[in-house]
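The following exercises introduce a protein structure to a reader who has not met it before. Each task is followed by a solution in steps.

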Amino acid sequence: MPSHQSILPPPRLTTEEPDSFAAFSLEKRLPVILGKLIDNADTPVLHALQQLATEMREGKITTLPPVIFGTLDQIIKPYSGRRWANMPFLTVELYFYARILLAFGHSTATPADPFQPAKEAANLQAIESLATLAEYCDPDCDIHKLLRRSVIGNTADLSQHIIPKADQVSLLVDESDTATKLIASGMRRIDLVFDNAGMDVLTDLLLIRRISSYCSHIVAHVRPYPMFISDMTMINMENLIEKLGISSIPAARKLGADITQLLRQNQLTLRTSPALGLPASFYADETLTRETFENAELVIFKGDLNYRYFAGDRRWPHTTEKDYFLQRFGRSALFLRTLKSEVLAGLTPEVVAKTSTLQPDWLTCGHYGIIQVFTE
């Protein structure tokens with residue numbers, strides 16, 4: 001095994017790689033998402049979306065207006081004129097959603113969220129399901145149970161072409177014992193990066209309530225704009241907490257009251273984080289990590305996209321050592337994720353050997369989950 005210093009980051013995932021999930025996404029998955037919006041769009045939004053569909057097939061990347069999406073316009077500028085089928089995967093995904101938002105008239109003054117109805121429906125359905133999840137709604141629920149339920153909740157991703165059912169998810173990596181000990185060790189600050197609406201975010205809130213018993217301050221991060229269809233923004237979070245508080249379901253109302261109390265007591269802070277709208281790589285960008293997570297001792301990354309944000313959207317050898325990332329990230333990290341992309345590292349040789357017996361698309365099908373800890 002080479003030293004940490006001699007490890008060179010592998011190539012980025014790109015849309016030009018044959019038979020990759022990135023190429024599949026550009027050819028199939030993203031056009032389906034766009035097609036559904038076109039089917040329900042009014043003029044002039046319809047014309048802008050149709051123009052985007054044409055550009056994806058035949059055109060080139062064009063520049064974005066400044067400021068609206070933070071510094072994303074500066075990141076996109078060097079790619080102007082390049083074909084969509086020759087782009088870094090995460091960069092082109094973010095560009096795709098930025099163009100959708102622009103088509104709907106999104107601006108800093110008048111933010112638009114074409115995905116809000118889908119998120120609200122998913123949240124209401126998830127709130128109703130809490131009536132049947134009494135063991136997880138217990139404020140003293142075993143952390144192991146909450147961690148596993150959190151991974152299952154991460155199947156609720158509306159940007160995926162296939163969403164597996166809860167009983168179809170099995171844990172490929174289960175480091176819940178290590179995670180539980182870490183959470184219960186009495187840290188001053190733990191951060192959590194939210195992912196999807198629906199049951200996914202509700203399992204996050206159940207986990208936040210539980211770990212608040214052990215931690216002085218929790219900072220929970222949301223996306224700066226409504227991208228990736230089901231990703232949570234600040235408006236989505238505020239609406240969800242309000243809906244929980246007025247729910248007719250006692251467990252939901254209790255959860256809403258407890259989260260509201262944590263917010264009022266400043267034990268929980270909700271934060272919009274600009275980095276989560278850029279093709280970031282937290283392990284590699286010390287400045288970005290410090291600006292986003294400050295003095296957090298542990299960051300819980302929920303979901304597939306946030307794993308990509310941590311490790312960079314690269315084809316890492318699956319046995320790349322955890323310490324390589326940990327030394328650069330500068331704090332512990334916990335990943336709760338169902339696998340829906342080709343980014344994965346820190347596996348033992350035994351787990352890698354097991355993957356050879358799984359279905360061919362095991363990395364992207366969403367049927368396998370991980371509770372993975374990077375810590376000293």
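**Exercise 1. Locate Pro44 and describe the peptide bond that leads to it.**

Solution. The model is a predicted one. Pro44 belongs to the loop that runs between H1 and helix H2 (45-58). The next step is to inspect the bond that precedes this proline. From Thr43 to Pro44 the peptide bond is cis, and its omega is near 5°.

**Exercise 2. State how the protein chain is divided into domains, and describe how domain 1 and domain 2 meet.**

Solution. Begin with the bounds. The domain assignment places residues 21-104 in domain 1 and residues 119-374 in domain 2. The C-alpha centres of domain 1 and domain 2 are 27 Å apart.

Next, consider the contacts. On the side of domain 1, 19 residues take part, and they are in contact with 20 residues of domain 2. The size of an interface is often expressed as the accessible area lost when the parts come together. Between domain 1 and domain 2 the buried area is about 1,600 Å², and carbon and sulfur atoms give 72% of this area.

Then turn to the polar links. Between the two domains there are 5 residue pairs in polar contact, with both residues at pLDDT 80 or more. At least two residues of the side of domain 1 that touches domain 2 come from each of helix H1 (21-39), helix H3 (72-76) and helix H4 (89-103). H4 gives the largest share, 8 residues. Sorted by class, this side of domain 1 holds 14 nonpolar, 3 polar and 2 charged residues.

**Exercise 3. Determine which side chains form the salt bridge between domain 1 and domain 2, and whether Arg308 is buried or exposed.**

Solution. The count of salt bridges between the two domains is 1. Glu93 and Arg308 form a salt bridge through their side chains, at 2.8 Å from N to O. Arg308 is placed in helix H13 (residues 304-311). Its relative accessible area is 4%, and Arg308 is therefore buried, since the cut-off is under 20%. Leaving out residues up to four places away in sequence, Arg308 touches Phe89, Leu90, Glu93, Ala280, Asp313, Ser341 and Val343.

**Exercise 4. Describe the surroundings of Glu342.**

Solution. Glu342 is in the loop between strand S6 (332-338) and helix H15 (349-355). With a relative accessibility of 13%, Glu342 counts as buried. Two polar links can then be listed. The side chains of Glu342 and Arg315 are joined by a polar contact of 3.0 Å. A polar atom of the Glu342 side chain also lies 3.3 Å from the backbone nitrogen of Phe21. Beyond neighbours within four places in sequence, the contacts of Glu342 include Leu13, Ser20, Ala22 and Leu363.

**Exercise 5. For Asn266 and Glu294, give phi and decide whether each is buried, partly exposed or exposed.**

Solution. Take Asn266 to begin with. This residue is in the loop between helix H11 (250-264) and strand S4 (268-272). Its phi is near 60°, a positive value in a residue other than glycine. Asn266 has a relative accessible area of 52%, so it is exposed, the cut-off being over 50%.

Glu294 lies in the loop between helix H12 (286-293) and strand S5 (298-302). Glu294 is not a glycine, yet its phi is positive, about 50°. At a relative accessible area of 38%, Glu294 is partly exposed.

Terms used
Residues numbered from 1 in each chain as written. Predicted model: local features only at pLDDT ≥ 70, side-chain atom pairs only at ≥ 80, totals over all residues. Heavy atoms only, no water. Domains from an automatic or database assignment. Contact = heavy atoms within 4.5 Å. Buried area = accessible area lost by both parts, 1.4 Å probe. Salt bridge = Lys/Arg side-chain N within 4 Å of Asp/Glu carboxyl O. Polar contact = N/O pair within 3.5 Å; in protein donor to acceptor, adjacent residues only side chain to side chain. Helix = DSSP H or I, 4+ residues; strand = E, 2+ residues; numbered from the N terminus. Nonpolar A, V, L, I, M, F, W, Y, C, P; charged D, E, K, R; others polar. Buried < 20%, exposed > 50% of the residue type's maximum accessible area, 1.4 Å probe, protein only.
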